[in-house]
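Good morning, and thank you for making time for this presentation. I would ask you to keep the sequence and the structure in view while I speak.

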Amino acid sequence: NIAGGDIHSVRWSERELRATSLVAWHLSSYLEAIMNIRNILTVTALGLISCHALARITVTSPAFSNNGTLPNEFTYSYSNQCSGANMSPPLNWSNVPVGTRSFAIMNVDVDGGNYLHWKIWNIDASTTGLPLNAAVISSGFQQGRNSSATVGYEGACPPAPNNHRYTFTVYALNTTFTSEPSLAEITAATIDSGVLQANRSASSN
């Protein structure tokens, strides 16, 4: 105590108090900086997740626009109802997600009870498109049976009088298949997908 002449102890305690306050201030600033970094990383991660959710595969064709009319060469030839060339259309896709190991494509008439016109899988992950009539001239994938029980592409041939919508869906998959996959198996393996739609009616035939 001061009365006992121990003033040095009092001064030492004051120095310790100032040092402790300084350490506490630095520690508080350090923790605040860590919290700010964590918040930045969290926002960045959420932004990347959001961008991925919005970054669907873009599917296009040089032969027709999205929601446009499916040209004659890609329709079926059947009696007086259709007179097409039954060629599969050229397709291109981009904005492919990381981790893609293969692609699958399904062409469906959504207004015809989901009639399956074309189903192909095990397209190489480096592929960015298919040429005209790939169902006949290409061999870098496997093809399944369409709803007419024939292997390969079957062109559109809608009955009168309504317009039918035909979707070409490209699936980016995280695997390849050793046998024909079901739709459920394709869906389960899908990382991302994209759709190109074409329209056709009997009046277009």
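**The disulfide and its surroundings**

Let me begin with Cys82, which counts as buried at 3% relative accessibility. Please bear in mind throughout that this is a predicted model. Cys82 forms a disulfide with Cys157, and the two sulfur atoms are 1.7 Å apart. A search of the whole structure finds 1 disulfide. The pair links distant parts of the chain: Cys82 belongs to strand β4, residues 82-83, whereas Cys157 sits in the loop between β9 and β10, and 75 residues separate them. What is the handedness of this disulfide? The torsion about the S-S bond of Cys82 and Cys157 is about 100°, so the disulfide is right-handed. As for the partner, Cys157 counts as buried too, with a relative accessibility of 17%.

I turn now to Glu154. This residue is placed in the loop between β9, residues 142-143, and β10, residues 164-173. Is Glu154 buried or exposed? Its relative accessible area is 11%, and the cut-off for buried is under 20%, so Glu154 is buried. Which residues does Glu154 touch, if we do not count those up to four places away in sequence? They are Tyr76, Asn86, Tyr115, His117, Asn146 and Ser148. Two of these deserve separate mention. The side chains of Glu154 and Tyr115 are joined by a polar contact of 2.9 Å. With the side chain of Ser148, the Glu154 side chain makes a polar contact of 2.8 Å. I would also point to Met87: its C-alpha atom is 8.1 Å from that of Glu154, although the two positions lie 67 residues apart along the chain.

Met87 brings us to Asn133, which is in contact with Asn86, Met87 and Ser88 once its neighbours within four places in sequence are left aside. Asn86 thus appears in the contacts of Glu154 and in those of Asn133. Asn133 lies in the loop between β8, residues 129-130, and α2, residues 134-137. With a relative accessible area of 15%, Asn133 is buried.

Next, the sheet. Six strands make up an open sheet with mixed pairing, in the order β2-β11-β10-β6-β7-β9. Its edge strands are β2, residues 68-69, and β9, each of which pairs on one side only. What is the sense of the pairing between β7 and β9? Strand β7, residues 115-124, pairs with β9 in the antiparallel sense, over 2 bridges. Trp121 stands opposite Gln142 in β9.

Finally, the nonpolar interior. In soluble globular proteins, nonpolar side chains tend to be buried together. Here, the largest nonpolar core has 24 residues, and those with the most contacts inside it are Trp93, Ile105 and Leu130. At least two residues of this core come from each of β5 (91-94), β6 (102-109), β7, α2, β10 and β11 (190-200). The largest share, 4 residues, is supplied by β10. For Ile105, again leaving aside neighbours within four places in sequence, the contacts include Leu91, Trp93, Trp118, Ile120, Leu130 and Val170. A second, separate core has 10 residues, among them Ala104, Met106, Leu116 and Ile186.

That completes the tour, and I welcome discussion.

Technical notes:
Residues are numbered from 1 along each chain as its sequence is written. This is a predicted model: local features need pLDDT of at least 70, side-chain atom pairs count only at pLDDT 80 or more; totals for chains, interfaces and linings use all residues. Side-chain values use heavy atoms; hydrogens and water are left out. Buried means under 20% relative accessible area, exposed over 50%, partly exposed in between (1.4 Å probe, protein chains only). Contact means heavy atoms within 4.5 Å. A polar contact is a pair of N or O atoms within 3.5 Å; within protein, one must be able to donate a hydrogen and the other to accept it, and residues adjacent in sequence count only if both atoms are side-chain atoms. Two strands pair if DSSP finds at least two bridges between them. A disulfide is a pair of cysteine sulfur atoms within 2.5 Å. A nonpolar core is a set of buried Ala, Val, Leu, Ile, Met, Phe, Trp, Tyr and Cys residues joined through side-chain atoms within 4.5 Å.
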